[in-house]
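Subject: Structure for your review

Dear colleague,

Please find the structure below, handed over for your further work. My findings follow it.

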Amino acid sequence: MAESLALPRDTSNPVVSALTVIAVQLAGALFLRQFLLIDDWRLVIGLLLLFGAALVLMERVPSLEARVEAAFARHSRLALLLGIAIVLAFPFVLEGNTYALHLCVISMLYAVLALALNFQLGSANIPNFATGASYGIGAYASALLALNFGVSFWLALPVAAVVATIFGFLLGIPSMRTRDSYLALVTIAFGVVIHQLLNNLEFTGGPNGLVGIPAPELFGHSFASPLVIFGQELPSQANFYYLSALLVLISIVFARRLHDSRVGLAWNALRTDELAARCQGINVTWYKVLAFAVDAFLAGFAGTIYAFYVGFISPDNFTFLVSVTIMTMVIAGGMDNILGVIVGAFLLTLLPEKLRAFSDYRILFFGVTVIVFLMIRPQGLFPQRLRRYGH
């Protein structure tokens with residue numbers, strides 16, 4: 001038990017550990033760039049095999065993974081600054097490829113959704129199949145405000161998040177009368193009801209959805225226009241790339257703060273033993289409802305950005321399958337592990353797109369690939385870690 005209370009110690013040379021951090025982050029960025037830009041299915045399979053080999057190596061040599069983890073713990077500030085620099089510079093190395101930028105935007109939005117669900121599924125072990133519904137509520141709320149009342153994106157963003165949060169409370173409160181699989185059924189029913197309402201209500205556009213959602217503007221610059229930085233012109237998708245990256249960063253900080261707070265501790269107590277948590281004076285009902293609200297809050301933000309990014313939304317964008325996909329991202333990436341959830345979101349967003357060469361069989365290959373990765377790492381690509389505290 002003492003091991004779980006100590007931060008991982010890096011006894012290697014500080015220069016070596018710093019170089020390890022730099023090498024790992026640059027290798028990850030290079031891998032993502034190549035995966036986004038290549039079209040040849042054989043090269044895609046090759047990169048997946050390389051990724052699988054790295055997972056096998058981490059599984060077979062735990063000390064290697066421990067050393068990398070210790071290096072990042074020792075040089076956390078370096079890792080943060082380098083990570084931000086890589087994210088800022090990444091659009092410049094994509095050779096103006098609009099499709100690659102589009103995939104980055106969608107992947108980051110799904111990363112936010114996966115982080116939102118992780119508060120429930122990973123931290124508190126609450127199955128929620130309604131994250132896609134909250135995503136849709138945020139998208140529709142912001143789009144309706146923009147189209148019907150001329151509300152700007154920057155005002156619609158927080159308002160839509162609040163609306164989604166209210167629905168999160170409305171889902172969470174009655175859900176407290178159920179547990180486990182019955183709770184999952186309640187969230188499934190909620191998602192189906194929301195989808196049917198979006199599909200049948202007149203003011204939501206029905207099955208035709210909402211068209212002509214205006215692009216955001218900032219200081220006179222329209223996000224529908226190319227972005228010029230240091231004299232270099234980037235496609236218009238770069239505007240939403242940086243906006244989505246900012247949302248991911250805020251979500252990570254939010255997740256870290258919550259994880260290290262009393263709220264995170266309470267959620268973990270619920271996950272371990274709800275009865276014991278109740279006996280310790282934890283308000284189980286409140287913390288469960290709060291998890292629903294936090295999930296909906298972040299999903300509302302992601303939905304707003306998505307609506308203004310694509311300019312058109314319909315009920316088909318927010319089906320039950322979206323919620324299942326988000327849950328799969330959390331489980332495959334590693335529950336209650338921020339890095340794992342983000343990697344899982346990127347992997348499960350990009351894989352179906354990169355396997356299009358297999359036509360009708362791409363979903364089959366996608367499923368097989370995920371199963372193989374989970375066979376290699378049964379607890380997720382980056383498994384949940386015990387809490388560690390510094391002295």
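The notes below cover one helix, a surface patch and the aromatic pairs.

The model is predicted: local features need pLDDT of at least 70 and side-chain atom pairs count only at pLDDT 80 or more, while totals for chains, interfaces and linings use all residues. Residues are numbered from 1 along each chain as its sequence is written, and side-chain values use heavy atoms, with hydrogens and water left out.

Helix H7

Helices (H or I, at least four residues) and strands (E, at least two) are DSSP runs, numbered from the N terminus. Helix H7 covers residues 153–175, 23 residues in total, and spans 32 Å from its first C-alpha to its last. That is close to the expected 33 Å, the expectation being 1.5 Å times one less than the number of residues. Among its buried residues (under 20% relative accessible area; exposed is over 50%, partly exposed in between; 1.4 Å probe, protein chains only) are Phe-153, Ala-160, Ala-164, Gly-168 and Leu-171. The buried residues of H7 pack against four helices (contact means heavy atoms within 4.5 Å): H6 (131–149), H8 (180–200), H9 (237–259) and H12 (284–310).

Nonpolar surface patch

Helix H9 also takes part in a nonpolar surface patch, to which it gives the most, with four residues. The patch measures about 590 Å² and is made by Leu-80, Ile-84, Leu-88, Leu-246, Leu-249, Ile-250 and Val-253. Patch residues have over 30% relative accessible area and no salt bridge (a side-chain nitrogen of Lys or Arg within 4 Å of a carboxyl oxygen of Asp or Glu); nonpolar side chains (Val, Leu, Ile, Met, Phe, Trp, Tyr) are joined within 5 Å, like charges within 9 Å. Areas come from the Shrake-Rupley method with a 1.4 Å probe, and for residues only the protein chains shown count as cover. Ile-250, in helix H9, is partly exposed at 47%.

Aromatic pairs

The structure holds 18 aromatic pairs. Rings of Phe, Tyr and Trp (its six-membered ring) pair if their centres lie within 6.5 Å; planes under 30 degrees apart count as stacked, over 60 as edge-to-face and the rest as tilted. Phe-119 and Trp-267 have ring centres 5.8 Å apart and planes at 50°, so this pair is tilted. Phe-119 lies in helix H5 and Trp-267 in helix H10, so the pair ties together parts 148 residues apart in sequence. Trp-267 is buried, with a relative accessible area of 1%. Ring pairs also link Phe-153, Trp-154, Phe-223, Phe-240, Phe-308 and Tyr-309 into a cluster.

Yours sincerely
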